[in-house]
Amino acid sequence: MSLQQKFTGTGIAIVTPFHEDRSIDWASFENLINFWIENKVEYLVAVGTTGESATQTREEEQEVFDFVKKATAGRVPLVAGVGGNDTAEVLEAFKKMRLDGFDALLSVSPYYNKPRQEGIYQHYKALNDAAPLPIIMYNVPGRTGMSVSVETTLRIAHDCKNIFATKEASGSFEQINRIMKNKPDDFMLISGDDAITLPMIACGAKGLISVIANAYPKDYSDMVRLCLAGKFEEALPIHLKYLDMVDALFKEGSPSGVKYVLSKMGYCKNTMRLPVVPVSPAHEARLDELMAGL
């Protein structure tokens with residue numbers, strides 16, 4: 001199966017469930033993995049932003065990768081989130097981490113440093129040259145403070161052949177359209193934003209790396225498959241059905257929203273690592289209302 005086949009459809013940026021003492025809840029993790037796979041998502045992304053990568057050590061990330069590989073047992077392709085804002089440290093992680101059983105890496109653009117576009121390009125060029133696996137780059141300016149420009153994305157797509165896709169979460173259709181028009185044929189555009197996945201696929205995106213599919217994997221992956229088949233009239237009611245929930249999941253920060261929903265479903269505890277905290281009681285009531293409506 002080619003990379004394009006493996007990563008067309010719905011991937012989940014999976015949560016990392018914690019006990020109340022903030023240690024990883026492996027039993028809940030296994031139940032969640034089975035829930036996601038049984039509901040027919042195409043692939044899983046471990047230790048991304050939704051998995052609270054910012055508050056895990058590299059050693060803990062390795063534990064998660066080992067566990068996810070064992071629990072999935074080859075049933076779906078796997079992506080390992082290995083990113084950072086120190087290029088040398090990310091390259092060192094590439095050398096040290098055991099990534100057998102994974103099919104690709106997801107690596108976010110450097111955050112906090114706010115490098116200029118040449119710095120972003122050089123960061124990804126260094127990762128490309130040392131990559132132990134194919135890489136999906138990740139543009140999420142709402143978190144990083146810097147957007148990867150169209151020009152830089154296209155430069156990376158043309159020059160860095162170990163980088164085969166971008167998870168695009170800029171929310172800018174000007175950017176999305178210009179990437180789509182000018183990218184190499186074998187470079188994939190993947191939605192990083194649940195709310196605009198339908199129109200992104202209409203523009204040529206090959207699917208989604210999702211947050212909401214943590215809780216609603218079947219409906220959301222069905223919606224994406226309908227879009228990819230060109231059945232937008234059938235997909236539209238599902239897209240509209242979940243719009244309010246997508247908005248609510250991010251209203252008081254992610255993964256706080258989706259972890260609350262999963263806790264109400266009985267899949268994990270409503271526990272995050274500081275500085276991320278649970279949603280407020282008022283927002284819990286709003287999420288309860290939306291869950292009842294769904």
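Biologist: Before we look at helix H11 of this predicted model, what makes a residue count as buried?

Modeller: A residue is called buried when its relative accessible area is under 20%, and in helix H11, which covers residues 232–241, the residues that meet this cut-off are Ala235, Ile238 and His239.

Biologist: How do you know that the buried residues of H11 line one face of the helix?

Modeller: Seen down the axis of H11, the buried residues fall within an arc of 105°, so they line one face of the helix. As a general point, an α-helix has 3.6 residues a turn, so residues three or four places apart point the same way.

Biologist: What covers the buried residues of H11?

Modeller: The cover includes helix H9 (197–202), helix H10 (217–228) and helix H12 (243–251).

Biologist: Turning to the pockets, what makes a residue part of the lining of the largest pocket, and which residues are closest to its centre?

Modeller: A lining residue has an atom within 4 Å of a point of the pocket; the largest pocket, with a volume of about 620 Å³, is lined by 30 residues, and Thr49, Ser53, Ala54, Val108 and Tyr111 are the closest to its centre. Strand S4 gives the largest share of this lining, 3 residues.

Biologist: Which elements each supply at least two residues to the lining of the second largest pocket?

Modeller: H6 and H12 do so, and this pocket, with a volume of about 340 Å³, has 21 lining residues, of which Tyr138, Val140, Ala169, Gly192 and Phe250 lie nearest its centre.

Definitions and conventions. Residues are numbered from 1 along each chain as its sequence is written. This is a predicted model: local features need pLDDT of at least 70, side-chain atom pairs count only at pLDDT 80 or more; totals for chains, interfaces and linings use all residues. Side-chain values use heavy atoms; hydrogens and water are left out. Buried means under 20% relative accessible area, exposed over 50%, partly exposed in between (1.4 Å probe, protein chains only). Helices (H or I, at least four residues) and strands (E, at least two) are DSSP runs, numbered from the N terminus. The arc is that of the directions from the helix axis to the C-beta atoms. Contact means heavy atoms within 4.5 Å. On a 1 Å grid over the protein atoms alone, a cavity is a set of points where a 1.4 Å probe fits but cannot get out, and a pocket is an open set with protein on both sides within 12 Å along at least five of seven lines; lining residues have an atom within 4 Å of a point. Grid points are joined across faces, edges and corners, and a volume is the space filled by probe spheres set on the points.
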